[in-house]
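I opened this model to see how its chain is put together. These are my notes, in the order I took them.

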Amino acid sequence: MTASHSDSLVVLFGATAGAYGAKLGSDERELILLVWQVVDLHSKKVGTLHKSLVKADNLELSDQCREVSGLTPEGLSKAEPLDRVLQQFSQLVSSDLKLLGRSSYTLCTDGQLLIRQALHPEASKKNFLLSDCFYSFYDLRKEFHACYPNSAPVKDQTIKSMAEYIGLETDESEEDFGVWQVKTMVAIIFSMLSETCITDCRFTDPETVKYKYETGPCSKSEAVDSETVIRARGLPWQSSDQDIARFFKGLNIAKGGVALCLNAQGRRNGEALVRFVNPEQRDLALERHKHHMGSRYIEVYKATGEEFLKIAGGTSNEVAQFLSKENQVIIRMRGLPFTATLEDVLGFLGPECPVTGGKEGLLFVKYPDGRPTGDAFVLFSCEEYAQNALRKHKEILGKRYIELFRSTAAEVQQVLNRYLSTPLIPTLPTPIIPVIPPPYTIAAGSIRDCVRLRGLPYTAGIDDILEFMGDATADIKPHGVHMVLNQQGRPSGDAFIQMKSSDRAFLVAQKCHKKMMKDRYVEVFQCSGEEMNFVLMGGTLNRSGLSPPPCKLPCLSPPAYAAFQTAAAVIPAEAALYQPQALLSTTRTPQASAAAPPTVTYYPAQAAQLYMNYTAYYPSPPVSPTTVGYIAAPPAAVAAAASATHTPMLPQPGALVRMQGLPYNTGMKEILSFFQGYQYAPDDYNGLIQLNDQARSVLQAPKEWVCL
């Protein structure tokens, strides 16, 4: 239903139990008031003015709401819930239109917030459908600015400022809250329709709210405005594009504008990039920062068009053809047998889950050489068929159970891009060198010029730590920032910062202790390099003092352990296989060890590992506030560094791979079978990796696999 100059408007005003004005709806509070009046644009007659209170689930009102509206929880407790109030709204509007001799109407509101940020999100959360009239409306501020171009910008307009611009004399104190706003809006509309208006203003181009999110492919060659993209974080891993569209209900997402992000292993990481139709919608989306999806709050930040294209953009004609069928539900299948055929998958899904287009509705994901990856995407024409397919989650095909879950067009592009470019399990790239040479290490001394940060969010990075420390970053020693990682190379929640003096460390500990980082408070303790090394070996450090690691207890120390020096702790060569590439330090020959500077990476000595069973940690490469990150070294620089230190390095043709998530009962035979068909260097690892005789015999057999 659309309005024209000769039709009708329903002027609508509303308020929530929380913020008012420019922040309406930003705090997720429920609607508590609706006021409306029908206006016949042709005869300039009006219907009855109606005011209706709404009973919210949470009757607690903010101080601003109490002050502005004068409403109380006691008065609202006798009102009707929102769905019933909207039913009454439709009935009363129809009655008033009939009296005026009209049959259709369009809503007119003061700005976008009431419809987009309050009404649609609340109806979505309470699971009831809004009538068609709430998907089309006029923004009085935009219409006013079009009629009076010399007035204030749209974002600065208010009902009062518009009334003052055209010379309306109204006293807000004489009317009830909501009644004055609607009466003034009606007067402004009549003024705009009068002959004194600068332009022939006609209510002919209403704002629209999309009924549903439209899926579709995105090409890397497409231009994406960075002012239209946001990043959403903290999503449940099973969230689909429709779930995200529902979170942003009321705002118009561009076609194919939801891109779920995947981690290095090809699994969703709880983030998504969302593209809106214009910057105005994006700005409204940013106001939903920390709104809730179920029991989880979602963080919303600005993003760029380049980031969106990197995730959602595709170049494959095969994928574009697969996704050309619009309005299809996409299901991802994971864990398929490598020998599975199209007929096998169609038979697994069965007649109750008919695939769109039969075999054309199936897309197998393959490596560049044509080998299957075990993933596939399936198209279904309706939600019913997709639900039937999802019920087969973890059913058996061949000898494997199959995982099924909702997917998106952007995820199809992303998975295909990942597999066709580089493997999801990364191999070691060219060795890297620090921006600043590594003499800047934390010495094992008793000077308490360090601070320990404990309880960091696992997602926190170096930049977050520097922001957390604020002005104190100026007192950090060069390359004095160390993120502490566990044996799997993941953040442990700890970090050590080396300050320029013990006084500075004391001040930082006092100032930053229990300060919030993201949604967690962080404990900050002053400590020394020696205490840091004790913690890395499994000891504890808090405000109660230092407890030594198990390897330092007399009852557990082996006779040979006296030779182990904490300050010279190095990573064993065989353990280097399990460290992230940025943390790998090259092994040293016995002759070079004495003269070489202390290594940046801490790890318990091999003797300790043979006798002890305790948790050990190691710090990431040290970082300075002015040089965050590392740069890749050119091959010439790597060769020069190798010749200067006489350190054996991994040859460039070969590469190590790190495997995560192995079953606990995995043996050598299963690992060799997993890599069946891949070659490996027989003797190139001898100078780098210390192997036992059994493992060495495997690596020294280049032409055949040895099953142990």
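**Entry 1: a hairpin**

I began at the hairpin of S16 and S17, which has five residues between the strands; there Gly-370 takes a positive phi near 95°. Strands here are DSSP runs of E with at least two residues, helices are runs of H or I with at least four, and both are numbered from the N terminus. I note that this is a predicted model, where local features need pLDDT of at least 70, side-chain atom pairs count only at pLDDT 80 or more, and totals for chains, interfaces and linings use all residues. Residues are numbered from 1 along each chain as its sequence is written, and side-chain values use heavy atoms, with hydrogens and water left out.

I followed S16 (residues 362–366) into its pairing with S17: the two run antiparallel and are joined by four bridges. Two strands count as paired if DSSP finds at least two bridges between them. Leu-362 sits opposite Val-378 of S17.

S17 has another partner to record. Strand S15 (residues 329–334) pairs with S17 over six bridges, in the antiparallel sense. Val-329 has Phe-380 of S17 as its bridge partner.

Is S17 mostly covered or mostly open? It is mostly covered: S17 spans residues 372–380, and eight of its nine residues are buried. Buried means under 20% relative accessible area, exposed means over 50%, and partly exposed is in between (1.4 Å probe, protein chains only).

**Entry 2: the whole chain**

I stepped back for the totals. The chain holds 22 helices and 30 strands. Of its 708 residues, 48% are buried. About 34,800 Å² is exposed, and carbon and sulfur atoms supply 53% of that (Shrake-Rupley method, 1.4 Å probe; for residues, only the protein chains shown count as cover).

I also looked up contacts, meaning heavy atoms within 4.5 Å. Among those between residues at least 6 apart in sequence, 72% join residues at least 24 apart.

**Entry 3: strand S5**

I turned to strand S5 (residues 105–109). Why call it largely enclosed by the rest of the structure? Because five of its five residues are buried. In a regular strand the side chains alternate between the two faces of the sheet. I checked each face of S5. Tyr-105, Leu-107 and Thr-109 are buried on one side, and Thr-106 and Cys-108 are buried on the other.

S5 pairs with strand S1 (residues 8–16) in the parallel sense, over five bridges. Leu-12 has Thr-109 of S5 as its bridge partner. S5 also pairs with S6, again parallel, over three bridges. There Leu-107 stands opposite Phe-137 of S6.

**Entry 4: nonpolar cores**

A nonpolar core is a set of buried Ala, Val, Leu, Ile, Met, Phe, Trp, Tyr and Cys residues joined through side-chain atoms within 4.5 Å. Which members of the largest one touch the most other members? They are Leu-12, Phe-89, Leu-107, Phe-134 and Phe-248, out of 50 residues. This core takes at least three residues from each of domain 1 (8–208) and domain 2 (218–314). Those domain bounds come from an automatic or database domain assignment.

I listed the neighbours of Phe-134, leaving out residues up to four places away in sequence. Among those it touches are Leu-12, Phe-89, Leu-107 and His-120. Another core, of 34 residues, lies apart from the largest; Cys-108 and Met-162 are among its members.

**Entry 5: salt bridges**

Side chains of opposite charge can pair when their charged atoms come close. My rule for a salt bridge is a side-chain nitrogen of Lys or Arg within 4 Å of a carboxyl oxygen of Asp or Glu. The count by this rule is 33.

I looked at Lys-126 and Asp-57, whose closest N and O atoms are 4.0 Å apart. This pair links loops 69 residues apart. Lys-126 is partly exposed at 28% relative accessibility, while Asp-57 is exposed at 67%. Both belong to a salt-bridge network with Glu-30 and Glu-122.

Next came Glu-271 and Arg-231, with closest N and O atoms 2.7 Å apart. Glu-271 lies in strand S11 (residues 268–276) and Arg-231 in strand S9 (residues 229–233), so the pair ties together parts 40 residues apart in sequence. Both residues are buried.

I finished with Glu-411 and Arg-268, at 2.8 Å between the closest N and O atoms. Glu-411 is in helix H14 (residues 409–421) and Arg-268 in strand S11, 143 residues apart. Glu-411 is buried at 0% relative accessible area, and Arg-268 is buried at 15%.
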